[in-house]
Amino acid sequence: STIFLVASAVAQVREPILAAGLGLQLPVLALHLVGGILGYFVPKMQGFDETTARTMAIETSMKSSAFGFLLAKLHFATFLTRVPSAVSVVWMAITGSTLAVFWKYIPVKDQQK
């Protein structure tokens, strides 16, 4: 289902995405990376366990870009308002999935309750 969500959003604004290049890609990627990093370290600093910190990191790196795309489509007449959210849908899927796969192979040490 994620692939269809990503494909639909990107296909609708393909040309503006290609025209924007890295000037759009890098800030959107940074948004998701920073979200994942903060989503991990802030809970750790507040005393949460490793599993909770990992879960929060994945969740914050995967904020709902598709919802942003839908809101832009429904409430703004300007076609280009959809472009950042469409790019974000791609990076959201990549960063969240990468974190999940990465941590799958790094076992959580026994945690004391």
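**Helix packing and nonpolar cores in a predicted model**

Ile 37 counts as partly exposed because its relative accessibility is 49%, and the cut-off for an exposed residue is over 50%. The structure described here is a predicted model. Within that model, Ile 37 belongs to helix H3. Leu 70 stands 33 residues away from Ile 37 along the chain, and the C-alpha atoms of the two are separated by 26 Å.

From this residue the description turns to the interior. The largest nonpolar core comprises 13 residues, and those with the most contacts inside it are Val 13, Ile 17 and Ala 86. Two or more residues of this core come from each of helix H1 (2-12), helix H3 (22-45), helix H5 (65-75) and helix H6 (83-104). Of these, H6 gives the most, namely five residues. The surroundings of Ile 17 can be followed in the structure: when neighbours within four places in sequence are set aside, Ile 17 is in contact with Val 10, Gln 25, Val 83, Ala 86 and Val 87. Apart from the largest core lies another, made up of six residues, among them Tyr 40, Ala 57, Ile 58 and Leu 99.

Helix H5 may be considered next. The residues Ser 65, Ala 66, Phe 69 and Ala 72 are buried in H5. Viewed down the axis of H5, its buried residues fall within an arc of 125°, and therefore they line one face of the helix. The face of H5 turned away from this buried side bears Leu 74 and His 75, which are exposed. As for the partners of the buried side, the buried residues of H5 pack against H1, H3 and H6.

H1 and H6, two of these partners, also pack against each other. In general, a pair of packed helices is described by the angle between their axes and the distance between the axes. For H1 and H6, the angle is about 155° and the axes are 8 Å apart. H1 is therefore roughly antiparallel to H6, since angles over 145 degrees count as roughly antiparallel. The crossing in which H1 passes H6 is left-handed.

The residues that form this contact can be listed from both sides. H1 contributes Thr 2, Leu 5, Val 6, Ala 9 and Val 10, which meet Ala 86, Val 89, Val 90 and Ala 93 of H6. Two of the residues named here appear also around Ile 17, since Val 10 and Ala 86 are among its contacts. Ala 86 is, moreover, one of the residues with the most contacts inside the largest nonpolar core.

Terms used: Residues are numbered from 1 along each chain as its sequence is written. This is a predicted model: local features need pLDDT of at least 70, side-chain atom pairs count only at pLDDT 80 or more; totals for chains, interfaces and linings use all residues. Side-chain values use heavy atoms; hydrogens and water are left out. A nonpolar core is a set of buried Ala, Val, Leu, Ile, Met, Phe, Trp, Tyr and Cys residues joined through side-chain atoms within 4.5 Å. Buried means under 20% relative accessible area, exposed over 50%, partly exposed in between (1.4 Å probe, protein chains only). Helices (H or I, at least four residues) and strands (E, at least two) are DSSP runs, numbered from the N terminus. Contact means heavy atoms within 4.5 Å. The arc is that of the directions from the helix axis to the C-beta atoms. Axes are lines fitted to C-alpha atoms, for helices over the stretch in contact, and angles run from 0 to 180 degrees between N-to-C directions. Angles under 35 degrees count as roughly parallel, over 145 as roughly antiparallel, 65 to 115 as roughly perpendicular and the rest as oblique. A crossing is left-handed if the near helix is turned anticlockwise from the far one by less than a right angle, and right-handed if clockwise.
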